[in-house]
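Reader: I'd like a close look at one part of this protein, the way its helices pack. Could you walk me through that and set it in the context of the whole chain?

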Amino acid sequence: MFFRLVLTVSLFALLSACHTAVESFPVLVESDGETPVDVTVRDLGRRRADAESLVIPLENSRQRPFRFRIAADGNAPIHLQRGESPGSSAALTVTLEGEIAGGFVTVEAGETSRRFSFNRILVPPVPRDGVATQYRLTVPLSGLETGPWEVDFTAPAGSGGYQIREMHFAAASPRYTVSEDGRGRTYSADARLPVEYGPEGVRFPAVSAVVRDHTSGLRIHYDAPQQLFQDRTVVPRGSVTVPEGEIGIRLRPGTRSTVLRPRMYFSELDWLQVTLPDAVVLTGVEPIAISADPLEPILIDLEELQNWPRELWRRPDFGLFAWSDYPAILWVDHASYRTQSDMFTRLAFFVEKRGFRGRLLTDEELVGRHGWNAHNYRPEGLAEFYNAAENSDFSLNSSELELLRIVVANGLLLEDASAPPGRRWLP
């Protein structure tokens, strides 16, 4: 028996699996390499082929646990591609079907191991003829982005067990999506974040499973028609209700998203409900967490930024954020005007100051000069600044070089390595 080859090539990811003795479910891996990765899937439980995908309680059972090793041929490291959007992180997404009454999943990569629980009894949001629908269980892989991996599932005592239908190692967690089809709305739920639907909105009865503290939250995606915003005196709003109270959501026209970290405001989070105006369509909800990578901005709403605790900055001098409604807009919140000046004053004179535009002032020339109390720059101005410095072999300070790393990492500037000095940075 052979496992069917699954290979999809796109601009950003390579999905691959390969022939193994495991044939009951596919395993997909998004690699950051330029060539496909042949992945070997081995059942460490050494069970019969017809029991490979079954997860059942270990108590009073002679079956071996569900435990697999996923490795590249030759046991070479496998690197997952970094997610594109701010706040995203690599994840293992597993499709489950059956009596999913909870349990644990453990993922190991090298010497690093993490265990996750989904220990609530789940009710399918949209039953099909009385039969439970499939769920996606999403396990964040922060710190586990490089394989090989070993994955171990256990089911709780008294459970009838469930089936694994697919395992997918990906660059980012999937959304919990809401879409339209010919029969109405269809939903894709997650085993750690099941959903219920009613006249008051979309309710998440087990939100604490993914929002554990004030550093983790939910990104709420929606479509709001332009006609809702014709009256400028009335700002359309939605709301998020939790046991202790309610948080307002300011809406904007078009296909947008907003980020909410309810643990910053409330301690009780047994459930959470999203309510939007009738004309606004909820298109998805996804959990987000703060990345450990200081070059990756924290996705945040403007009002939330005003209350963001400085101790959660990943640098001592400033915090890096992206606007949840317009993620291509980055915010830099500085600890003082001194640190802000180190990063932006020379840039301010070069791009904006009358009588100085196009000039790179030396540190001596900047003494006693003030930039701005706040700064706002487009990629075009940044490209001109860094190209001018490179073309003239001008020495920038460490804060200005850090700003270059930030804007390159987040796609505001693109590098043309083959271009001559002074033309390398493109907006």
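Author: Of the contacts in the protein with a separation of 6 or more, 65% are between residues 24 or more positions apart. Keep in mind that this is a predicted model. The protein has 427 residues, and buried ones make up 48% of them. About 21,500 Å² is exposed, with carbon and sulfur atoms supplying 49% of that area. On the secondary structure side, there are 29 strands and 5 helices.

Now for the helices you asked about. Take α2, which covers residues 337-351, and α4, which covers residues 379-391: they pack with their axes 10 Å apart, at an angle of about 105°. Angles from 65 to 115 degrees count as roughly perpendicular, so that is how α2 and α4 sit relative to each other. On the α2 side, the residues involved are R346, L347, F350 and V351, and they meet G381, L382, E384, F385 and A388 of α4. Sorted by class, this contact has 6 nonpolar residues, 2 charged and 1 polar.

Helix α2 also packs against α5, residues 398-409. Here the axes come within 7 Å and cross at roughly 85°, which makes α2 roughly perpendicular to α5. The α2 residues D342, M343, F344, R346 and L347 meet S399, E400 and L403 in α5. The contact of α2 with α5 divides into 4 nonpolar, 3 charged and 1 polar residue. R346 and L347 turn up in the contact with α4 and again in the contact with α5.

Some of these names come back when you look at the cores. F350, from the α2 side of the α4 contact, belongs to a core of 27 residues, and so does L403, the α5 residue listed above. I288 and V407 are also among the members of this core.

That core is separate from the largest one, which has 33 residues. Inside the largest core, the residues with the most contacts are I70, L92, W149, F153, I164, M167 and F169. Strands feed it: β3, β4, β6, β8, β9, β11, β13 and β14 each give two or more residues. For a feel of the packing there, try I164. Leaving aside residues up to four places away in sequence, I164 touches F25, S53, V55, F66, V94, T95, L96 and F153. As a rule, nonpolar side chains in soluble globular proteins tend to be buried together.

Technical notes: Residues are numbered from 1 along each chain as its sequence is written. This is a predicted model: local features need pLDDT of at least 70, side-chain atom pairs count only at pLDDT 80 or more; totals for chains, interfaces and linings use all residues. Side-chain values use heavy atoms; hydrogens and water are left out. A nonpolar core is a set of buried Ala, Val, Leu, Ile, Met, Phe, Trp, Tyr and Cys residues joined through side-chain atoms within 4.5 Å. Buried means under 20% relative accessible area, exposed over 50%, partly exposed in between (1.4 Å probe, protein chains only). Helices (H or I, at least four residues) and strands (E, at least two) are DSSP runs, numbered from the N terminus. Contact means heavy atoms within 4.5 Å. Accessible areas come from the Shrake-Rupley method with a 1.4 Å probe; for residues, only the protein chains shown count as cover. Axes are lines fitted to C-alpha atoms, for helices over the stretch in contact, and angles run from 0 to 180 degrees between N-to-C directions. Angles under 35 degrees count as roughly parallel, over 145 as roughly antiparallel, 65 to 115 as roughly perpendicular and the rest as oblique. Ala, Val, Leu, Ile, Met, Phe, Trp, Tyr, Cys and Pro count as nonpolar, Asp, Glu, Lys and Arg as charged, and the others, Gly among them, as polar.
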